[in-house]
Amino acid sequence: MKDFIRENQWLSLCGLNCGLCTMRLGGHCPGCGGGSQNQSCRIAKCSLAHGKVAYCHACGEYPCEKYEGIDEFDSFITHKRQKADLQRAAETGIDNYNAEQKEKAEILHRLLADFNDGRKKSFFCLAVNLLPLSEIRAVMERIDGDGRIGGMTQKEKSAYAAGLFQKAAKREGTELKLRKKPADW
């Protein structure tokens, strides 16, 4: 979208964790405010109309009608914690929030390089996006401490890592699955 450029490519204007998105990782999206490749976005248009607010929570009208139902369905990235993540970034400070996202991205890159069997990219993106960093670190410590990993096939390593993340998600009460919009919606 012309004239909509943002410095922070980790957390979008509306609260999506762009740095953990499959589309951005695959080079198919520049992220929120990434220049001329941007898709048209009603929230970006709103930001421009409100003096280019950096994050929606900084707008005096937040949360507005644009946020009604915004977290009910997912796109390429989960929207499940969109508003909560935006709020957390506001409370902890964007630099602290970005530091956590960068650590999550490093872990995600390792998972994709070492544990993806060609079918787990979206799953690992969801797990890293939705689970608390402490849970993600615990899973990675368990993986690193398991001497059997070296003797596993890629498919076995992928299933093992995915199983550990599923157990962590269950403990957190989180479902690691994208929610598609029903056809009749």
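User: Which helices are included in what covers the buried residues of helix 4?
Analyst: Let's start with the residues themselves: in this predicted model, the buried residues of helix 4 include Y97, L108 and L112. Their cover comes from several parts of the chain, including helix 1 (22–25) and helix 3 (82–92). Also included are helix 5 (121–130), helix 6 and helix 7 (154–172).

User: What span should helix 4 have, and how far apart are its end C-alpha atoms?
Analyst: Good one to work through by hand! Helix 4 has 21 residues, and each counts for 1.5 Å, so the helix should span 30 Å. The distance in the model agrees, as the end C-alpha atoms are 30 Å apart.

User: At what angle do the axes of helix 4 and helix 6 cross, and what is the handedness?
Analyst: Helix 4 covers residues 94–114 and helix 6 covers residues 133–145, and their axes come within 11 Å. The angle at which they cross is roughly 30°. As for handedness, the crossing of helix 4 and helix 6 is left-handed.

User: How do the residues of that contact divide into nonpolar, polar and charged?
Analyst: Look at who takes part: helix 4 brings E100, E103, K104, I107, R110 and L111. Helix 6 answers with L133, I136, R137, M140 and D144. Sorted by type, the residues of the contact are five nonpolar, no polar and six charged.

User: Which residues touch the most other members of the largest nonpolar core?
Analyst: This core has 30 residues, and helix 4, helix 5, helix 6 and helix 7 each supply at least two of them. Nonpolar side chains tend to be buried together in soluble globular proteins. The residues that touch the most other members are L111, F124, I143 and F165.

User: Which residues is I143 in contact with, leaving aside neighbours within four places in sequence?
Analyst: I143 is one of the 30 residues in the largest nonpolar core. Once its neighbours within four places are set aside, its contacts are F115, I149, Y160, A161 and L164.

User: Is D71 buried or partly exposed?
Analyst: First find D71 in the loop between helix 2 (42–49) and helix 3. Buried would need under 20% relative accessible area. D71 has 23% relative accessibility, so the label is partly exposed.

User: How far apart in space are D71 and R179?
Analyst: Along the sequence, D71 and R179 are 108 residues apart. Even so, D71 touches R179, along with H79, K80 and K83. From C-alpha to C-alpha, D71 and R179 are apart by 9.7 Å.

Conventions
Residues numbered from 1 in each chain as written. Predicted model: local features only at pLDDT ≥ 70, side-chain atom pairs only at ≥ 80, totals over all residues. Heavy atoms only, no water. Axes fitted to C-alpha atoms, helices over the stretch in contact; angles between N-to-C directions. Helix = DSSP H or I, 4+ residues; strand = E, 2+ residues; numbered from the N terminus. Left-handed = near helix turned anticlockwise from the far one by under 90°. Contact = heavy atoms within 4.5 Å. Nonpolar A, V, L, I, M, F, W, Y, C, P; charged D, E, K, R; others polar. Expected span 1.5 Å × (residues − 1). Buried < 20%, exposed > 50% of the residue type's maximum accessible area, 1.4 Å probe, protein only. Core = buried A, V, L, I, M, F, W, Y, C linked by side-chain atoms within 4.5 Å.
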